[in-house]
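User: Hello! I am new to this structure and would like to know how its labels are earned. Could you show it to me and then take my questions?

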Amino acid sequence: MEGIIQSDVALNPGNSGGPLVDTRGRVVGINTAIILGAQGISFSVPIDTAKWVLGELMTRGRVLRGWLGISGQNRPIVRELVHKLGLGHSSGVEVTGFDTRGPASASGLAQGDIVVGIDEKMVATVDDIHRALHAWAPGQPVKLRAVRQREIIEVTLTPAETPAN
């Protein structure tokens, strides 16, 4: 999960869903989960995410999330290559695999490519890909920029809706 809040709020099984408040009494999250046996660590969904989800449910009746069908991991990019390619950051997302049902499997991306941009947004982490896909409108193509063998390649594909399973 992206951007969750970790706290030490006493959260017991069965009482999730309550507000996480700051010292001024403002709701900053919705208490969601605990890790049993992890010394009282709990997690909350940030309030901005909860508001976005509520808006999606009220507007569409469900939450649409863009899906590329790739597996990836954060990967540093050597400084020399960052300068040579004019990248504004020193990491990206290495493609480690594909879901054959996903749009990326036939897009021209290859295992080992390092995704560094989606449309005009920089991509330095897996979370950046998730954030970029939050803004995706169904049916709209996106342009991925990736490093392949010391060169930048561009691939255009249309994200799909995240499959149920």
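Analyst: Happy to help! Let's begin with a definition: helices (H or I, at least four residues) and strands (E, at least two) are DSSP runs, numbered from the N terminus. Counted that way, the protein has three helices and 12 strands. Please keep in mind that this is a predicted model, in which local features need pLDDT of at least 70 and side-chain atom pairs count only at pLDDT 80 or more, while totals for chains, interfaces and linings use all residues. Residues are numbered from 1 along each chain as its sequence is written, and side-chain values use heavy atoms, with hydrogens and water left out.

User: What are the spans of the C-alpha trace along its principal axes?

Analyst: The C-alpha trace spans about 50 × 35 × 30 Å along those axes.

User: Why is Ser44 called buried or exposed?

Analyst: The cut-offs decide: buried means under 20% relative accessible area, exposed over 50%, and partly exposed in between (1.4 Å probe, protein chains only). Ser44 has 1% relative accessibility, so it counts as buried. In the protein's 165 residues, buried ones make up 33%.

User: What makes the link between Ser44 and Asn31 a polar contact?

Analyst: A polar contact is a pair of N or O atoms within 3.5 Å; within protein, one must be able to donate a hydrogen and the other to accept it, and residues adjacent in sequence count only if both atoms are side-chain atoms. The side chains of Ser44 and Asn31 make such a contact at 2.8 Å, so the distance meets the limit. Ser44 lies in strand S4, and Asn31 stands opposite Ser44.

User: Which residues does Ser44 touch, leaving out those up to four places away in sequence?

Analyst: With contact meaning heavy atoms within 4.5 Å, Ser44 touches Ile4, Ile5, Leu20, Gly29, Ile30, Asn31 and Thr32.

User: How do you know that strand S3 and strand S4 pair?

Analyst: Two strands pair if DSSP finds at least two bridges between them. Strand S3 (residues 27-34) and strand S4 (residues 42-46) have five bridges, in the antiparallel sense, so they qualify as a pair. They belong to an open sheet of four strands, in the order S1-S4-S3-S2, with antiparallel pairing. Strand S1 (5-7) and strand S2 (19-21) are its edge strands, as each pairs on one side only.

User: What makes Glu56 and Arg60 a salt bridge?

Analyst: As a general point, side chains of opposite charge can pair when their charged atoms come close. The rule asks for a side-chain nitrogen of Lys or Arg within 4 Å of a carboxyl oxygen of Asp or Glu. For Glu56 and Arg60 the N to O distance is 2.7 Å, so the pair fits the rule. Both residues lie in helix H1 (residues 47-60), four residues apart, about one turn of the helix. Glu56 is buried at 13% relative accessible area, while Arg60 is partly exposed at 42%.

User: How many salt bridges does this rule give?

Analyst: The count comes to 10. Another one joins Glu151 and Lys84, whose closest N and O atoms are 3.3 Å apart. That pair links distant parts of the chain, with Glu151 in strand S11 (residues 151-157) and Lys84 in helix H2 (residues 79-85), 67 residues apart. Glu151 is partly exposed at 45%, and Lys84 is partly exposed at 47%. Asp99 and Arg101 also meet in a salt bridge, at 2.8 Å from N to O.

User: What makes a group of residues a nonpolar core?

Analyst: A nonpolar core is a set of buried Ala, Val, Leu, Ile, Met, Phe, Trp, Tyr and Cys residues joined through side-chain atoms within 4.5 Å. The largest one here has 18 residues, and those with the most contacts inside it are Leu68, Leu109, Ile118, Ile129, Leu144 and Leu157. Apart from this core lies another, of eight residues, among them Leu81, Leu87, Ile114 and Val147.

User: Why is Ala106 called buried or exposed?

Analyst: Its relative accessible area is 75%; the label "exposed" needs over 50%, so Ala106 is exposed. Ala106 sits in the loop between S7 and S8. Ala106 and Leu157 are 51 residues apart in sequence, yet 9.0 Å apart in space, C-alpha to C-alpha.
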